[in-house]
Each structure stands twice: as structure tokens, then as C-alpha cells.
Amino acid sequence: MECHVYYEGDDDPNKCTAKRLEKFDEATLYRSMGQVPYGVVLNPHAERALSPADAEEGLETLVALDCSWESAEAASFKMRGVHRALPFLVAANPVNYGRPFRLTTVEALAAACCIFDDRERAAELLEPFRWGETFLTLNEEPLRRYSECADSSEVVAVQEEYLADEE
């Protein structure tokens, strides 16, 4: 699974997971949105949830936006591609540990790989991070369940169970 990131550079570079992915040759970063290749764009504002059916469409490219949560507005995601939102997952990174939906770029890419049933690729992406394995452990059950869904509507149904538990 190819990983590409539109990099805005507005976060602390020492904590930037996208920069570290680039350093370890696990993702390609772009400063211009026009350079980002077509693929599955991980967009929290998308109307449909990511599901295994998206991988079956032959899309072998994942695209993420690396920016601060404060600037992650819908307008930031004007990239070409198939836009999908990740379902309920909990962050393991030190800044947002335990907070739902507040994933770093690497967590988002790894989650997508797991939903596409490529857990090995997810582990490769997370390997350079001390807390990487914790992300997979914290989200083991939902990631497994999402990867077993047939389509976006089934993913949303599973997500609803986790959201009900949060309330």
C-alpha cells in the first residue's frame, strides 16, 4: 500500500509523524496539493466511511493530510481522489492518547491499512514510533471488526456500537 501525505507543516516538526514516515521511506510528502496522486483520501469530513470495499476498487494509494487539528477544516481536503472518513478509533499518540478521532497522520494511515486487511503494512508504518504498537493494541477489536465489513454502511453500524459505549 503506497502512502502519500499532503504536508502543510503547521505542527511541531519534532512531533510530526509524517516527517518521520518520510525519513524512514514509508511515505512521500508533498507541499503542493496538485502533486498528490489520486487515491483514497483519508478525510474526517467525508460523507462515507472507509471500508474494505474501497480496497477492492483497486485503489492501492492512501493519501492523508498532515496539518494541525485546528486547521483541519473541510476546505483543507480539496484533493483529487475517493474521500473516506475513518470510523471510531482511539489515539495512542502522546498528545491525544485515549481521545477518539484525534489520530496522527501515521495512525490514520495505519488504521486504513488494517481496515484494508494489510496489518503487516500498518505495523511497518507504526514501527518507528514508541507508541505505535499501542495504537494497534488499543484498537485491535474495532480494526478487526471494520476489516470484516462488506461496505461503508456495515462499518458505520459497527462504529455506532462504539459510539454508544462512549456516551
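This report describes selected residues, helix contacts and salt bridges in a predicted model of a protein chain.

## Annotated binding-site residues

According to an unreviewed UniProt entry, the annotation "binding site" covers four positions in this chain, namely T17, L65, L86 and T105. Two of these positions, T17 and L65, are looked at here one after the other, beginning with the one that lies in a helix.

T17 belongs to helix α1, which spans residues 17–23. Its relative accessible area is 5%, and T17 is therefore buried, since buried means a value under 20%. Leaving aside residues up to four places away in sequence, T17 touches D66, T104, T105, V106, F129 and W131, and one of these partners, T105, is itself covered by the "binding site" annotation. L65, in turn, is found in strand β4, made up of residues 61–66, and with a relative accessible area of 10% L65 is also buried.

## Two helices in contact

Helix α3, which covers residues 105–115, and helix α6, which covers residues 140–147, have axes that come within 8 Å of each other and cross at roughly 50°. Because this angle falls neither in the parallel or antiparallel range nor between 65 and 115 degrees, α3 and α6 are described as oblique to each other.

On the side of α3 the contact is made by A111, C114 and I115, while on the side of α6 it is made by L143, Y146 and S147. Sorted by class, the residues in this contact of α3 with α6 are 5 nonpolar and 1 polar, with no charged residues.

## A salt bridge between buried residues

The structure holds 7 salt bridges. In one of them, the side chains of D54 and R84 meet with a distance of 2.9 Å from N to O. This pair links distant parts of the chain, because D54 lies in helix α2 (residues 52–56) and R84 lies in strand β5 (residues 82–84), with their positions 30 residues apart in the numbering.

Are the two partners buried or exposed? D54 has a relative accessibility of 3% and so counts as buried, and R84, at 11% relative accessibility, counts as buried as well.

## Salt bridges around R145

R145 forms a salt bridge with E141, in which the closest N and O atoms are 3.9 Å apart. Both residues lie in helix α6, where they are 4 residues apart, about one turn of the helix. E141 has a relative accessibility of 43% and therefore counts as partly exposed.

R145 also meets the side chain of E161 in a salt bridge, with a distance of 2.9 Å from N to O. This second pair links distant parts of the chain, as E161 lies in helix α7 (residues 152–166) and R145 in helix α6, 16 residues apart. E161 is partly exposed, with a relative accessible area of 41%.

Elsewhere in the model, E26, R121 and E124 are linked in a network of salt bridges.

## A buried residue of helix α7

Q159 also has its place in helix α7, and at 13% relative accessibility Q159 counts as buried. Which residues does Q159 touch, not counting those up to four places away in sequence? Its contacts are L86, P87, F88, F101 and Y146. Two of these names have appeared above: L86 is covered by the "binding site" annotation, and Y146 takes part in the contact between α3 and α6.

How values were computed:
Residues are numbered from 1 along each chain as its sequence is written. This is a predicted model: local features need pLDDT of at least 70, side-chain atom pairs count only at pLDDT 80 or more; totals for chains, interfaces and linings use all residues. Side-chain values use heavy atoms; hydrogens and water are left out. UniProt positions are given in the numbering used here, feature names are shortened, and annotations may be inferred rather than shown by experiment. Buried means under 20% relative accessible area, exposed over 50%, partly exposed in between (1.4 Å probe, protein chains only). Contact means heavy atoms within 4.5 Å. Axes are lines fitted to C-alpha atoms, for helices over the stretch in contact, and angles run from 0 to 180 degrees between N-to-C directions. Angles under 35 degrees count as roughly parallel, over 145 as roughly antiparallel, 65 to 115 as roughly perpendicular and the rest as oblique. Ala, Val, Leu, Ile, Met, Phe, Trp, Tyr, Cys and Pro count as nonpolar, Asp, Glu, Lys and Arg as charged, and the others, Gly among them, as polar. A salt bridge is a side-chain nitrogen of Lys or Arg within 4 Å of a carboxyl oxygen of Asp or Glu.
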